[in-house]
Amino acid sequence: MDRAAFSRRTFLAAAGAAAAAGAAGCAPGEDRDRSSSPAHSDAKSPAKENDRAGDASWRLKGRGAEHEVEGYADRTSVASGEPFRLHVHTTAKTFRAEAFRMGWYGGALARKVWESGSLKGTRQPAAKVEPTTYTVTADWTASTEVATKDWPEGSYLIRLTADTGGQRYVPVTVRSAGTRGRVVIVNAVATWQAYNEWGGHSLYNGPTGDDADRSRAVSCDRPYHRDGDGLFLTYEQPVVALAEKLGLAPAYVTNMDLERDPHILDGATAVLSLGHDEYWTQSMRDRVTAARDRGTNIAFLGANACFRRIRLEKTALGEQRLIVCYKNDWPKDPGRREGEPPTTNFREPPHAQPENSLTGTLYESNPTTADYVVASPDHWLFEGTGVKQGSKFPGLVGTEYDRANGTESTPRPIEVISHSPLTCRGVHSYANSAYYTASSGAGVFNTGTMRWVQSTVGEGGHGIDATTARFTSRVTENLLRAFAAGPAGRTHPAKDNLDTFHPYAGDPTWSKRNLW
């Protein structure tokens, strides 16, 4: 059994509920694309897009009864103008769908770009569970096709509303045609699916609650559980809003797109890996690493990033819709070709590649809650925050955390800017935020805590408050502005201080003494 499974499930359930909380409503309307209406004149860039009036009613009023309404899209991302189909189950006679583009919009955080008319409800078949991999599939007929003509690039939530009142989301990304000269927001669809318990099985557990009946492969051909947004609202939406509020005109892709298109990051100024981005293919990692080595800045605004190696396969609905990860059972993976890296932790043999060679910090363990402690108050990322040596922010570290250590895979020069003491599973350790620079001039920053993104809007619990939100928002703003300007290492070279904060720096045996 994954040692962190229980604590992760518990935390994600609570965090997801908090992030999606709020009352809202929406009047029914005809099937129309609002982006072509007079009140919503065409605009292609997110900077112009966010000058439009938002729709603060985008949140769910309530899920209703279990399975009252739920659905999924047959594409995780589409190009603007490319249609996708919604596969919807509902116990109601009719339902409707509304598409909200997520952004800033003067604080409304979303704009409705499309709504359907009344659509006939269908009671779809029960979930199918493949008996050897415990893969859950919702083999449902398509309910409607959605055209995306004139939809701006961005992260979208499709809200389904049954005529009986229940609501759920379906996430879709309208991907950018190019990323040159732009900050790239990556929606971590593979990780959303890894934790998706719809149908009773995820990559962490099955109905028995242990490792035996967890999925070895999970499918995108099913709804997400709970509110239906995956992990978007908890770990990604606050940064989407902040980036667009700053007028950065970010580009949008999913991590599936990183696999699909080897040139998608060509010329990007920065790549943002958000609050929980754990599951990567080898190609995803190779392409982000190559972008860094060409001068593209990389930000990891969470913890536990790039930890699991996966493989993508096709389903009945298309390519790259099945996420395969056998973890410790990788020798039993029938789809692994000879010599191919296994679907297990990146740091594990064979083909061991500790994640910190890219991320800077190394995932250590969970669950924990600790104060975030500033160690380098004069660092440029802390400009305007007013912090001093030892300034503390309660509860900001957790539930998973990373540490900068001295393994030979640690990039140098690396600058530790927070050093937060904690206890996890009875072991005393530290969490670190760290910044390193590559020879290409790229800057790479890792927050080292999974609560960072939530905290920017004062969410996450554990004592996170408005003071913490102001701090993390300002640090993130400093980061985004600097990373949008070009290779950050040229203007902000890292000042190596790792040996000051890690007693085992340079000791290759440290990796065998950490909590994993």
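**Reading strands, helices and odd backbone angles**

Modeller: Let's start with strand 19 (residues 308–315) and strand 20 (residues 318–324), which run antiparallel and are joined by four bridges. Keep in mind that this is a predicted model.

Colleague: Okay, and which residue of strand 20 is the bridge partner of Arg 311?

Modeller: The general idea is that strands of a sheet pair through backbone hydrogen bonds, in a parallel or an antiparallel way. Here, Arg 311 has Val 324 in strand 20 as its bridge partner.

Colleague: What is the order of the strands in the open sheet of four?

Modeller: The order is 14-20-19-17, and the pairing is mixed. Strand 14 (217–219) and strand 17 (279–281) are the edge strands, since each pairs on one side only. From one strand to the next, the twist averages 50 degrees.

Colleague: Where does helix 7 lie relative to those strands?

Modeller: Helix 7 lies across strand 17 and strand 19, and its direction is at about 85 degrees to strand 17.

Colleague: How do I check the span of helix 7, and what should its twelve residues give?

Modeller: Count 1.5 Å a residue: the twelve residues of helix 7 (residues 282–293) should then span 16 Å, and the end C-alpha atoms are indeed 16 Å apart, so the two agree.

Colleague: Which residues of helix 7 are buried?

Modeller: First the general idea: an α-helix has 3.6 residues a turn, so residues three or four places apart point the same way. In helix 7, the buried ones are Gln 282, Met 284, Arg 285, Val 288, Thr 289, Ala 291 and Arg 292. After the helix comes Gly 295, with a positive phi near 110 degrees.

Colleague: And how many of the nine residues of helix 5 are buried?

Modeller: Eight of the nine are buried, so to speak a mostly covered helix (residues 237–245). Among them are Val 239, Val 240 and Leu 242, along with Gln 237 and Glu 244. Gly 247 follows helix 5, again with a positive phi, near 75 degrees.

Colleague: Back to strands. Are the faces of strand 25 covered or not, and which residues sit on each side?

Modeller: In strand 25 (residues 443–446) both faces are covered: Gly 443 and Phe 445 are buried on one side, Val 444 and Asn 446 on the other. Strand 25 pairs with strand 18 (residues 297–300) in the parallel sense over three bridges, and with strand 24 (residues 427–437) in the antiparallel sense over four bridges.

Colleague: Which residues stand across from Phe 445?

Modeller: Ala 299 has Phe 445 as its bridge partner, and Tyr 435 stands opposite Phe 445 as well. Strands 24 and 25 form a hairpin with five residues between them, and Gly 441 in the turn has a positive phi of about 100 degrees.

Colleague: Those were glycines. Where should I look for odd backbone angles elsewhere?

Modeller: The background is that most residues other than glycine have a negative phi, and most peptide bonds are trans. Tyr 134 has a positive phi near 55 degrees; this residue is in the loop between strand 8 (128–129) and strand 9 (136–137). His 351 also has a positive phi, about 60 degrees, and is found in the loop between strand 20 and helix 8.

Colleague: Buried or exposed, or in between: how do Tyr 134 and His 351 count?

Modeller: Partly exposed runs from 20% to 50% relative accessible area. Tyr 134, at 25%, is therefore partly exposed, and so is His 351 at 38%.

Colleague: Which peptide bonds are cis?

Modeller: One is the bond from Pro 349 to Pro 350, with omega near -5 degrees; Pro 350 is in the loop between strand 20 and helix 8 (356–359). Another is the bond from Arg 412 to Pro 413, with omega near 0 degrees. Pro 413 lies in the loop between strand 22 (392–403) and strand 23 (414–424).

Colleague: One last thing: what is the volume of the largest cavity, and which element gives the most to its lining?

Modeller: The volume is about 170 Å³. Its lining has 21 residues, and Arg 75, Thr 76, Pro 171, Val 172 and Tyr 224 lie nearest the centre. Strand 12 gives the most, with four residues.

How values were computed: Residues numbered from 1 in each chain as written. Predicted model: local features only at pLDDT ≥ 70, side-chain atom pairs only at ≥ 80, totals over all residues. Heavy atoms only, no water. Helix = DSSP H or I, 4+ residues; strand = E, 2+ residues; numbered from the N terminus. Expected span 1.5 Å × (residues − 1). Buried < 20%, exposed > 50% of the residue type's maximum accessible area, 1.4 Å probe, protein only. Pairing = 2+ DSSP bridges. Axes fitted to C-alpha atoms, helices over the stretch in contact; angles between N-to-C directions. Contact = heavy atoms within 4.5 Å. 1 Å grid on protein atoms, 1.4 Å probe; cavity = no way out; pocket = protein on both sides within 12 Å on 5 of 7 lines; lining within 4 Å. Points joined across faces, edges and corners; volume = space filled by probe spheres on them.
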